[in-house]
Each structure stands twice: as structure tokens, then as C-alpha cells.
Amino acid sequence: MHMNNDNVTDQSTSLSSLRMMIFPIFPKELPKFLPMAGLIFFTIFSFTMLRNMKDVLMLSAPGVKAASLPYIKFCIVFPTSIVFSLIYIKLKNYLEFEKAYYAIMGFFISFFIVFNYLLYPNAELIHPSAESIAALQNQIPVLSNFVGLLGVWSFTMYYVISELWGTYSLSVLFWQFANDNVSTEESKRFYPLFILVGNIALLILSFILDYISKNYTSSAAVDPVNNTVIFAGICMLVLFRYTNQYILSDPQYQPTSKKVKKKKAKLSMYDSLVQLSQSRYVLYIAVLVLSYGIMINIFETVWKEQVRVFFTVDGVVDKSAMLGFMSKYTFYTGVFTIALNFLSKDTVRLFGWLAGAVFTPIICTGASLIFLIYSINASIFQPSLAALGLGAWFAVYFGMGGVILTKSSKYAFFDPTKEMSFIPISSDLRTSGKAAVDGVGARLGKSGGGLIQIAVGTIITMFTGSPVDALQIAPYMLIVLAIMGFAWLTSAFNLNVLYQKAVAEEASSNG
């Protein structure tokens with residue numbers, strides 16, 4: 001028996017308004033909702049665990065500093081993700097989605113099993129010695145950061161696969177699965193709860209990371225973090241198979257009203273640039289996306305260098321202490337994301353689109369500029385901060401707060417207002433505009449920050465003959481952040497003028 005609209009209406013009357021606000025899932029939908037909620041829980045749990053561990057692993061490796069991270073993101077992760085995308089497209093042509101899910105997640109889980117039980121225990125055997133890496137870095141200072149990555153090649157592979165796991169397990173696989181099997185009416189109630197479950201996963205993960213950090217030993221044969229990731233991946237496979245075999249095979253759990261999907265426009269980089277040059281409206285949106293990508297990339301890189309330095313004792317990074325710190329970072333990310341999501345619901349309604357649109361750039365620009373100014377002039381500020389009992393603590397924890405608030409406000413304010421800005425424009429411009437923004441803004445934003453840091457670091461090294469770290473290029477990054485913050489805010493104000501005009505024209509044409 002299908003769940004038609006009459007059923008939904010009848011069921012909704014049986015639920016209190018309070019229940020509908022808190023948990024708007026009908027009893028009949030629970031067998032479908034719960035395993036899908038469990039799937040997104042383990043998906044976000046695992047990729048957030050990897051997001052934390054990959055940084056700890058790389059920053060504690062010999063010859064690697066935070067300045068190496070832009071190299072790995074731009075020179076290795078970026079091209080690898082393109083190749084993986086092509087493989088995924090080919091895979092989809094030969095396999096149905098369910099088998100493609102097993103193939104991709106099976107590959108990821110297999111890699112982490114091999115890494116944890118073969119590569120990681122033998123890292124000293126398969127990697128060059130720390131002395132050899134340092135000697136080569138001194139011989140080729142302009143390639144120092146890249147040499148460091150090659151010296152710990154298995155850790156670099158770990159970082160790359162962790163990035164791909166995050167992209168494909170959530171953005172590609174889970175949401176495609178959800179979009180294919182959740183109806184339009186169900187999505188209004190299911191999707192907000194999926195997001196909430198994801199944030200709850202962050203809170204639970206923070207306690208698990210804290211436990212692992214307190215019982216962590218660098219000499220252990222295998223890494224408990226990776227065992228946790230492998231376990232979460234297996235749970236994902238089990239839940240996915242259970243949902244497909246025992247729930248979605250029942251006709252009553254198939255969506256009766258599939259969402260109508262418009263074919264997503266695919267534009268080349270050149271076509272995207274042409275589209276942006278022809279529409280100021282779309283250009284402003286692209287600047288918003290580009291600015292966020294560049295600024296958060298630079299902000300995080302300098303912050304992670306402060307974290308690495310803070311947890312370095314006698315030249316060695318304390319991985320246990322850093323994991324404990326990342327547990328706090330994960331916990332507060334979950335808390336603030338949940339809080340700002342509730343706050344954002346009424347902000348645009350009460351104060352208008354612009355209030356929501358400028359929230360994230362104000363937070364990001366203010367926090368990142370203060371943080372970099374401190375990082376550049378730490379010797380001036382530290383005596384005063386030390387008198388207050390803060391000292392080096394300020395750089396690490398203020399930076400953490402700034403990154404958390406920037407990312408949380410991005411999810412709560414930036415993403416919704418960006419999507420709202422596409423609504424009142426024509427259908428053709430909306431379709432081509434989103435493709436142009438995705439093609440230029442998002443793509444260049446993710447890699448642009450890293451490319452800027454690589455270019456500046458390379459130029460400084462060529463003139464000085466010595467490798468540089470993220471703190472040494474911070475003065476130049478301060479200028480970049482100020483420019484991008486100004487561009488972000490200016491574009492938001494300019495876009496608001498065009499947005500309000502488009503909304504008024506839409507209302508006039510409909511009225």
C-alpha cells in the first residue's frame with residue numbers, strides 16, 4: 001500500500017504540533033527513516049574522524065609542516081579527485097547504484113585495512129629516515145614542502161584517500177541514495193533531521209576521540225582511530241544493504257512522488273567565465289563562493305601551524321595531546337553548528353536576506369584578520385597575554401574558535417542565502433548560473449587558497465634560499481585575506497540590491 005498524500009494528511013492529524021516540530025516522522029515511516037539516519041550518522045562520523053586524523057598524522061610526520069598541506073591539496077588531492085571522478089562516472093555506466101556503492105566503499109575500507117595493518121606498523125621501513133628527508137629538503141629548499149610529502153608517502157596516500165572518502169561517502173553516495181529514495185514531501189521532514197543526526201555524530205565522536213587520545217600510544221602496532229573508521233565503514237555497508245534489501249524492496253516504502261530532477265548543466269571553465277562576464281548577478285555569487293574557499297583555506301593553514309607548534313615537545317609532535325585537542329574542536333563544531341542552524345531559521349525572515357548573507361563574511365574576516373595579526377606579532381602580544389594566563393594558548397584556541405564559527409555559520413547562513421539568491425532569477429540563468437558558480441567559484445575557491453600560498457612560499461624561498469612555513473608567509477596572507485574579505489562583503493551588498501530587485505519583479509509578474 002503506497003503512502004499517498006491522504007495518508008500523510010491523516011497521519012499528521014494524529015501527531016501533536018510539538019511532536020511535528022521535534023520529530024516529524026510518522027510511525028509508518030520509521031522502518032525507512034531509522035536505517036537511513038543511521039547511515040548518515042556513520043557517514044559523517046567516519047569522514048569527520050578521518051578529517052581530524054589526517055591532519056594529526058601529517059603534522060606529526062617528519063619533514064611536514066602546515067605549509068605542506070596546500071601542496072598536498074592542490075598538487076595531489078585536486079588531480080586525484082578528477083581522476084576518481086572519471087572512474088566513478090565509468091563505474092556508474094557499468095554498475096547499478098547499489099553495486100557502485102559497495103565497490104567504492106569497499107575500496108576505501110580495504111585501503112584503511114591495508115594501511116592500518118601493513119603500512120602504518122612498518123612506516124619506519126617503507127619511509128626514508130627523517131635525516132634523509134631533512135637533507136634533501138635542504139638541498140632543494142624550493143621543493144622542501146613537497147619533498148616532505150614524498151618522504152612520508154604512505155601518510156600522504158592516507159590524507160588523499162581520507163579526502164576522497166569524505167567527498168564520495170557523503171556528498172556523492174549518501175545524498176544520491178537519499179534523493180533517489182525519499183519523496184519531495186518526505187524530504188521536507190527527513191532532511192533537516194538527517195542534518196541534525198550528522199551534528200549529533202560530531203558530538204559523540206568528540207567523546208570517542210577524547211577517550212582514544214587519553215589511551216593513545218605512538219608505539220602501538222595499529223592505530224585505534226583507523227580501527228574505528230573501519231568499523232564505521234562496515235556499519236555503513238550493513239545499513240546500506242539492509243535498507244535496500246529489506247526496506248526499499250517493500251513497495252510501501254518507495255516514494256510515490258519522485259522529485260523532478262532537471263539535468264544539471266555542465267559548463268567548461270571557459271563557458272563558466274563567459275557566463276560570469278555576462279551576468280553581474282551570477283558574478284557576485286561566484287565571488288562569495290570564491291572568497292569563502294580562499295579565506296578558510298588560508299585561515300586553517302596558519303592555524304594548523306600554530307597547533308603543530310603548540311603540541312611540539314623537544315622537536316616531536318605529541319599525537320595524543322593533538323588528538324585530545326581535535327576532540328574539543330569536533331565537539332564545539334557540532335554544538336555551534338546546531339545552535340547557529342536554529343538561529344538562522346528566523347534571521348532572514350526577521351531581518352532580511354542581507355543580514356543572513358553578511359553574517360559569515362563578517363565572522364570569517366574579523367576572526368582571520370585578528371588571528372593573523374596576532375600570529376605575525378606574537379612577540380609583541382604574548383607578554384600581555386601571558387600576564388593574563390593565556391600566552392601561546394590564545395593563538396591555538398582563538399584560531400579554533402574562529403574556524404569553528406566560520407564553518408558553522410557557513411552551513412547555517414552562507415549556504416541557505418546563496419541558494420536563495422538563485423530563486424528569483426530566470427530558469428535559464430539559474431541553471432547556467434549555478435553551473436558557472438560551481439565551475440569557477442567552488443573549484444577555484446578550494447584550490448585557489450592553496451595555490452596562492454604555494455606561489456608566495458616559492459617566491460620567498462627563491463629569494464632567501466631557505467624553506468618557509470605557514471607563519472613566515474602570514475604577513476602576505478594577511479593582505480590576501482583583507483582583499484578577499486572586502487570583496488566578499490562588497491559583493492554581498494551589491495548582490496542584495498540586485499536580489500531585492502529580482503524579488504520585486506518576480507512578485508510583480510506573479511501578482
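These points concern one pocket and the cavities of a predicted model.

1. The second largest pocket has a volume of about 1,000 Å³. Its lining runs to 41 residues, and those closest to the pocket centre are Ser60, Ala61, Pro62, Ala130 and Phe155.

2. Five elements can be named as giving two or more residues to that pocket lining: helix 3 (30-59), helix 6 (123-126), helix 7 (130-139), helix 8 (144-151) and strand 2 (316-317). Helix 7 provides the largest share, with 6 residues.

3. By residue class, the lining of the second largest pocket holds 20 nonpolar, 14 polar and 7 charged residues.

4. Turning to enclosed space, a search of the whole structure returns 5 cavities of 30 Å³ or more. The second largest cavity has a volume of about 50 Å³.

5. The second largest cavity is lined by Ala67, Pro70, Tyr71, Asn145, Gln453, Ile454, Gly457, Val468, Asp469 and Ile473. Helix 4 (69-94) and helix 18 (427-464) each contribute at least two residues to this lining. The largest share, 3 residues, is from helix 18.

6. The lining of the second largest cavity splits into 6 nonpolar, 3 polar and 1 charged residue. Asp469, one of the lining residues, belongs to a type that counts as charged.

7. For anyone checking the two sites in the model, the pocket can be located from Ser60, Ala61, Pro62, Ala130 and Phe155, the lining residues closest to its centre. The cavity can be located from its lining residues, among them Gln453, Ile454 and Gly457.

Definitions and conventions. Residues are numbered from 1 along each chain as its sequence is written. This is a predicted model: local features need pLDDT of at least 70, side-chain atom pairs count only at pLDDT 80 or more; totals for chains, interfaces and linings use all residues. Side-chain values use heavy atoms; hydrogens and water are left out. On a 1 Å grid over the protein atoms alone, a cavity is a set of points where a 1.4 Å probe fits but cannot get out, and a pocket is an open set with protein on both sides within 12 Å along at least five of seven lines; lining residues have an atom within 4 Å of a point. Grid points are joined across faces, edges and corners, and a volume is the space filled by probe spheres set on the points. Helices (H or I, at least four residues) and strands (E, at least two) are DSSP runs, numbered from the N terminus.
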